[in-house]
Structures are given as C-alpha cells and as structure tokens.
Amino acid sequence: MYKKTIITAIVITFIFAVFTPTAAYASENPISVIADGKQLTFDVPPILHNNRTLVPFRAIFEAYGATDIKWNQNLQKATGTVDGITIELTVGSNTAIVNGKSMELDVPPIVKNGRVLVPIRFISEALGYDVEWDNAKRQVIVKSQVYCNTFYNNTLGVKLRMGQEADELIAIMGEPDRIDKSGKYYDWYIYNNDLEHYIQVGVYDNKIVAFATNASSWVLNNDLRIGDLKRDIEKKYELRGNVIYLREDNLEILWDIHNNNSLSTFILERRNTDSNDLILSEDYYTEEVARSFERQAFDLTNVYRLRNGRKSLAWREDLAKMALYHSNDMATNGYFSHDSLNGDTLGDRAAKFLGNYRVVGENIAMGFGNALRAVGALYNSESHRENMLMREYEYLGVGVAFRMSEGWLTETLYLTQNFCY
C-alpha cells in the first residue's frame with residue numbers, strides 16, 4: 001500500500017478532557033521522531049513507557065495526513081483515518097481496532113499533560129510504514145513506502161522496496177534461485193529463472209538493503225529505467241560521478257556508451273554504518289565470493305544477450321575451468337594479458353582444457369570490484385562486447401580470482417570469460 005510522503009506535524013491545540021493514570025516515565029535525553037528524513041515536532045514530547053515510544057495521538061495522525069480525527073470523551077476513544085485505514089485506540093486498553101479488526105498492543109494508550117499518547121510503532125506499521133529505533137540517538141525513524149526506493153516490474157505485477165522484510169520478498173517472488181555472497185555486508189538473493197526479469201536482491205538482517213539488475217523489465221521509482229539517456233537523467237537528478245544519492249541509498253548507474261550513454265545497469269545500495277560494512281577486504285574476497293561472482297557474470301552476460309536479441313548461452317564446465325585457470329594465473333603472477341608469462345596463448349589453453357569445439361573466444365577484466373561492474377565494463381568495450389553478443393556462440397564459462405595489492409588493504413579482481421561453439 002502506498003502512502004503520501006510524511007510531513008512535519010503541525011500541532012493544533014486540542015485538550016482532551018481525560019483521566020490521567022499513574023505511570024513512570026524515562027528522564028533521559030529527549031526522544032525525537034524522524035519521518036521521511038524530517039524531524040516531527042510535538043507540543044508534548046515523546047516518552048518511553050514500558051520500552052515503547054509513545055507520542056501525541058492527534059499530532060502523529062496529522063503528520064501522516066489523516067483525513068479524519070475523532071475523540072470520544074465518554075468512551076475515552078481516539079480514532080484516526082489515513083488513506084482508508086482507520087485506527088481506533090482506547091485509553092488504558094491493550095486492544096486496538098484497525099479497519100474493524102482487533103489487534104493487540106504491547107502498551108495501551110495513556111494520558112500525559114492533557115494529551116492522549118499512543119505507541120508510534122503500532123500506528124506507523126498499521127499504516128504500512130517502516131519503523132526503526134536508534135538507541136544511541138534515541139530516535140524513532142519512520143519511513144513511508146513513498147520514501148523507500150522501490151523497483152517495479154509491471155509485467156510480473158510486483159514491486160519490491162528497500163527496507164522490505166525478506167519474508168515479504170519471498171512471499172512475492174518465491175524462494176531465490178540461489179543465494180550468493182556479495183563481497184559486502186549482505187547476501188544476494190538471485191532470481192534468474194526468467195532472465196528477462198533477472199534481479200539481485202541484497203538481504204541483511206532479514207531486510208532488503210540492495211538491488212541490482214540489467215534487465216529492462218525493472219523500473220526504479222516508476223521513473224528510472226534501462227535505456228534512459230544520461231543527459232535526460234542529469235536534468236532531474238544530481239549525478240556525482242556515476243552515483244545518485246536517493247534518500248538513504250546510493251544508486252550507482254552503469255552506462256551503455258555504445259547506446260548514447262544510456263542507463264544499462266542499476267546498483268542500488270543502502271548506506272550502511274554497521275561495522276559489518278567495514279571488514280577488511282581479505283575477509284570480503286573469499287573463494288565463495290569468487291564463485292558467486294562467476295555465476296553472476298554468467299547471468300548478467302545472458303541478460304545483455306537477451307536485451308540484444310541473442311539467445312542465452314549454456315554454462316560449460318570445461319570452459320569455466322579454463323577461465324579460472326587463466327584468472328588464477330594472472331592473479332598469482334600479477335599480469336593482465338591473454339598471453340600468460342610462460343607463453344601460453346588462448347589456443348594453448350583451449351587445447352589443454354577443451355574437448356570438441358570449433359571457435360573459442362575470451363574476455364578478460366581486471367579490477368572493478370564485483371561482477372556487475374566487470375561485466376558492465378566488458379559490455380562497454382567494443383571487441384569484448386562483440387564476444388558477448390556473438391550469435392554463433394553457444395557456451396560460456398567464467399573464472400574469477402583475487403590478488404592482494406601490495407601495501408593496500410584491497411584486492412584486485414581478475415575475471416575471465418571463455419566462449420565457444
């Protein structure tokens with residue numbers, strides 16, 4: 001359910017005539033509420049009561065754009081309606097009514113300084129908002145679905161948003177076809193059963209924190225789509241290099257320089273301050289990550305082929321072993337070339353690793369940090385693009401290896417693609 005963007009609360013003076021029960025309140029630093037990036041203001045400040053944050057009922061409903069707010073003095077009942085969702089709460093009662101359905105509250109509404117205070121998490125989540133608690137800052141962080149960056153696929157009839165629960169993702173998309181390592185703090189849930197709708201969904205702590213795709217069926221925020229020209233995007237968004245800062249997320253765009261500098265690949269990531277995002281690179285780039293990047297490079301290449309009217313390639317294990325052999329050799333010996341330092345050529349490696357084949361081709365990439373960028377760079381190189389899109393090819397194998405750069409806490413990615421028919 002989509003909501004209007006949350007606005008700063010404008011509190012209208014309205015004193016409820018109510019009975020005030022006795023309660024104990026925290027006397028620590030003030031609690032603040034940040035809704036869609038803005039701090040809400042209240043005439044009675046939020047309080048922490050039984051480990052739940054309570055805020056003035058009328059003020060929070062006005063902040064959420066309520067169309068109808070009522071107070072029943074005799075029943076001590078407050079009612080508010082936002083976008084067709086009606087919530088009824090009664091002072092002292094642990095039962096709330098949401099669109100006629102009874103729901104249990106962790107804490108009941110109370111009264112303080114002439115205001116009915118209600119649990120903000122319950123109200124917000126009942127309206128479809130995401131709620132987080134920052135204990136260090138004593139902040140309640142509320143995000144409406146409009147505020148959360150969302151990918152739409154109209155063909156599938158689905159939408160997926162940042163911050164969404166992984167369980168909800170699975171309910172919408174089904175179980176992932178596989179789960180890959182990203183080399184960062186999250187895992188990729190890979191959906192590749194239908195490459196026309198290929199998507200990588202980053203999941204951390206049971207929430208969506210990243211998306212990546214080069215499939216043209218996905219549209220970001222009903223606005224940005226594969227094929228949009230860079231010059232048009234720059235009119236609407238501030239580009240810093242190839243990155244657009246969208247609220248709390250970084251959108252990295254890979255461009256197609258052979259198609260008028262158009263949007264070719266999305267990489268959307270939640271900016272993360274968790275220590276898990278600060279792990280040194282030797283903990284990032286493991287054998288498991290390398291194998292994950294190989295599978296992702298294979299999928300991404302096939303998506304590029306489908307976008308250009310080519311048939312997808314089949315994985316061939318002897319090609320993959322040949323590719324990994326060369327990537328390992330380059331990483332171990334610190335060079336970047338189709339010819340190895342001992343004089344082996346592509347033809348020599350093909351004779352060593354392959355059985356039957358007529359034509360073999362090879363792409364190599366160094367650096368770029370992940371499969372998305374490496375394959376995107378190959379796609380932008382004319383000769384490598386020709387290999388990726390060659391109609392006659394039937395098979396593909398990918399090999400990825402890493403080399404620690406001397407004097408730096410980073411590793412260099414070496415990726416080899418071998419094609420044949």
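In this predicted model, strands β3, β4, β11 and β10 form, in that order, an open sheet of four strands with antiparallel pairing. The edges of this sheet are taken by β3 and by β10 (110-112), each of which has a single partner strand, so that one side of each is left without a neighbour in the sheet. Averaged over the sheet and with direction ignored, neighbouring strands are turned by 45° against each other.

Strand β4 (residues 52-56) is paired on either side within this order. With strand β3 (residues 47-49) it runs antiparallel and is joined by three bridges, in which T53 of β4 is the bridge partner of L48 and L54 of β4 is that of I47. The two strands form a hairpin with two residues between them, and in this hairpin N50 takes a positive phi near 55°. With strand β11 (residues 115-119), β4 likewise pairs in the antiparallel sense, over three bridges, and here L54 stands opposite P119 of β11. L54 therefore has a bridge partner in β3, namely I47, and a residue opposite to it in β11, namely P119. In general, strands of a sheet pair through backbone hydrogen bonds, in either the parallel or the antiparallel sense.

How far is β4 enclosed by the rest of the structure? Four of the five residues of β4 are buried, so the strand is largely enclosed. One residue of this strand that can be followed in detail is T53, which has a relative accessible area of 9% and is buried because this value lies under 20%. Not counting residues up to four places away in sequence, T53 touches I31, P46, I47, L48, V118, P119, I120, W133 and V140. Among these contacts, L48 is also the bridge partner of T53, whereas P119 is the residue that stands opposite L54.

A second open sheet comprises seven strands in the order β16-β17-β18-β19-β24-β23-β22, with antiparallel pairing. Its edge strands are β16 (178-181) and β22 (243-246), each with a single partner strand, so one side of each is left without a neighbour in the sheet. On average, and with direction ignored, neighbouring strands of this seven-stranded sheet are turned by 25° against each other. Within the sheet, strand β17 (residues 187-191) and strand β18 (residues 199-204) run antiparallel and are joined by five bridges, with W188 standing opposite G202 of β18. Two helices pack on this sheet. Helix α6 (residues 287-307) touches β16, β17, β18 and β24 (262-270), and its direction makes about 115° with that of β16. Helix α9 (residues 371-380) touches β17, β18, β19 (207-213), β23 (249-256) and β24, and its direction makes about 25° with that of β23. Strands β17, β18 and β24 are thus among those touched by α6 and also among those touched by α9.

Two loop asparagines take backbone angles that merit separate mention. Most residues other than glycine have a negative phi. N206, however, which lies in the loop between β18 and β19, has a positive phi near 65°, and it is partly exposed, with a relative accessible area of 32%. N222 lies in the loop between β20 (219-220) and β21 (224-225), where its phi is likewise positive, near 55°, and at 46% relative accessibility this residue also counts as partly exposed.

Which residues bring helices α7 and α8 into contact? Helix α7 (residues 317-333) and helix α8 (residues 346-353) pack at an angle of about 135°, with their axes 10 Å apart, and the two are therefore oblique to each other. The crossing by which α7 passes α8 is right-handed. On the side of α7 the contact is made by D318, K321, M322, Y325 and H326, and on the side of α8 by L346, R349, A350, K352 and F353. Sorted by class, the residues of this contact comprise five that are nonpolar, one that is polar and four that are charged.

Conventions:
Residues numbered from 1 in each chain as written. Predicted model: local features only at pLDDT ≥ 70, side-chain atom pairs only at ≥ 80, totals over all residues. Heavy atoms only, no water. Axes fitted to C-alpha atoms, helices over the stretch in contact; angles between N-to-C directions. Parallel < 35°, antiparallel > 145°, perpendicular 65-115°, else oblique. Left-handed = near helix turned anticlockwise from the far one by under 90°. Contact = heavy atoms within 4.5 Å. Nonpolar A, V, L, I, M, F, W, Y, C, P; charged D, E, K, R; others polar. Buried < 20%, exposed > 50% of the residue type's maximum accessible area, 1.4 Å probe, protein only. Pairing = 2+ DSSP bridges.
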